[in-house]
Amino acid sequence: MRKLLLGFAAVLTCFAACAAAEGEPAGEFDYYVLALSWSPNWCEQEGDARRAEQCDARHDHGWTLHGLWPQHHRGWPSYCRTAAAPPSRGMSREMADIMGSPGLAWHQWKKHGTCSGLTARQYYSLMREAYTRVTRPAIFRRLKTPVTLPAAVVEEAFLKENPGLSRDSLTITCRDGAIQEARICLSKTLQPVPCGRDAIRDCTLKDARLAPVR
């Protein structure tokens with residue numbers, strides 16, 4: 001009975017602590033992960049079924065910005081406590097040219113931007129700056145038909161086009177047999193830094209699918 005009562009008390013204590021928690025404090029993190037998504041693959045896997053505007057051929061999307069994520073050396077914060085006001089609809093619409101949709105921009109602010117310690121405008125501006133600093137290999141935009149290739153080829157292409165990057169600051173991810181994202185680890189001033197082990201998810205596929213730009 002004593003053990004049961006102690007266990008019940010522990011549950012109540014945990015419940016109270018968890019109920020009071022509303023996310024980590026803003027601005028407390030070690031580095032950023034810049035995530036670039038290969039839009040044609042995302043459209044094949046998810047976007048077409050959703051009839052996503054991003055997947056319309058007139059947009060000509062290749063590597064789009066998924067997000068800029070505050071990261072700890074172990075783990076990452078999300079949905080942080082912040083006094084910063086959320087972005088306006090207009091601000092989010094302005095990000096659609098590189099992110100594919102204003103909805104994604106708003107979601108990235110809510111989940112990750114609130115942890116940056118920045119205002120919404122500053123966070124959107126930093127995301128755009130990080131995106132423009134990375135040269136996205138043009139060779140993949142020249143594909144006319146789907147191809148399969150080692151994920152390492154995508155990594156090599158990014159390293160060649162971005163001499164400031166190293167293998168420990170870049171990881172290529174796959175999903176369902178296809179290239180998913182290029183993720184680059186950056187300091188708070190957007191300089192390449194080694195990724196923590198939680199961020200390194202190197203895809204080892206030798207036959208990863210890469211769909212052409214629409």
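**Exercise 1. Burial and overall fold.** State what share of the residues in this predicted model is buried, and describe the order of its secondary structure.

*Solution.* Buried residues account for 43% of the 214 residues in the protein. The protein has seven helices and six strands. Along the sequence they follow the pattern α-β-α-β-α-α-α-α-β-α-β-β-β. For the contacts, take those between residues at least 6 apart in sequence: 77% of them join residues at least 24 apart.

**Exercise 2. Confidence.** Decide which part of the model should not be read in detail.

*Solution.* Start with the average: the protein has a mean pLDDT of 91, and 90% of the residues score at least 70. Next, look at residues 1–22, where pLDDT stays under 50. For this stretch the model has three contacts beyond four places in sequence. Where pLDDT is low, predicted coordinates should not be read in detail. The stretch to set aside is residues 1–22.

**Exercise 3. The buried face of H5.** Find the buried residues of helix H5 and explain why they line one face.

*Solution.* Helix H5 spans residues 102–111, and its buried residues are Ala-105, Gln-108 and Trp-109. Viewed down the axis of H5, these fall within an arc of 100 degrees, so they line one face of the helix. The general reason is that an α-helix has 3.6 residues a turn, so residues three or four places apart point the same way. The cover over the buried residues of H5 includes strand S2 (63–71), helix H3 (89–93), helix H4 (96–99) and helix H6 (120–133).

**Exercise 4. Two loop residues.** Classify His-61 and Arg-142 as buried or exposed.

*Solution.* His-61 sits in the loop between helix H2 (39–50) and S2. Its relative accessible area is 13%, under the 20% cut-off, so His-61 is buried. Leaving out residues up to four places away in sequence, His-61 touches Ser-39, Pro-40, Gln-54, Ala-96, Asp-97, Gly-100, Arg-141 and Val-213.

Arg-142 belongs to the loop between H6 and S3. With a relative accessible area of 59%, over the 50% cut-off, Arg-142 is exposed. Arg-142 and Pro-212 are 70 residues apart in sequence, and their C-alpha atoms are 7.6 Å apart in space.

**Exercise 5. The largest pocket.** Give the volume of the largest pocket, then describe its lining.

*Solution.* The volume is about 720 Å³. The lining has 34 residues, of which His-66, Trp-69, Leu-104, Gln-108 and Glu-181 are the closest to the pocket's centre. Two or more lining residues come from each of strand S1 (31–38), H2, S2, H5 and strand S5 (178–186). By type, the lining divides into eleven nonpolar, 14 polar and nine charged residues. Gln-108 also appears among the buried residues of H5.

**Exercise 6. The second largest pocket and H7.** Determine which element gives the most to the lining of the second largest pocket, and where the buried residues of that element pack.

*Solution.* The second largest pocket has a volume of about 170 Å³. Its lining includes Pro-137, Phe-140, Val-153, Ala-157, Lys-160 and Glu-161. Strand S3 (147–149) and helix H7 (151–161) are the elements that give two or more residues to this lining. H7 gives the most, with four residues. By type, the lining has ten nonpolar residues, no polar ones and two charged.

Now turn to burial in H7: Ala-151, Val-154, Glu-155, Ala-157, Phe-158 and Leu-159 are buried. These buried residues pack against S1, S2, S3, strand S4 (170–175) and S5.

Technical notes: Residues are numbered from 1 along each chain as its sequence is written. This is a predicted model: local features need pLDDT of at least 70, side-chain atom pairs count only at pLDDT 80 or more; totals for chains, interfaces and linings use all residues. Side-chain values use heavy atoms; hydrogens and water are left out. pLDDT is the predictor's confidence in each residue, from 0 to 100. Contact means heavy atoms within 4.5 Å. Buried means under 20% relative accessible area, exposed over 50%, partly exposed in between (1.4 Å probe, protein chains only). The arc is that of the directions from the helix axis to the C-beta atoms. On a 1 Å grid over the protein atoms alone, a cavity is a set of points where a 1.4 Å probe fits but cannot get out, and a pocket is an open set with protein on both sides within 12 Å along at least five of seven lines; lining residues have an atom within 4 Å of a point. Grid points are joined across faces, edges and corners, and a volume is the space filled by probe spheres set on the points. Ala, Val, Leu, Ile, Met, Phe, Trp, Tyr, Cys and Pro count as nonpolar, Asp, Glu, Lys and Arg as charged, and the others, Gly among them, as polar.
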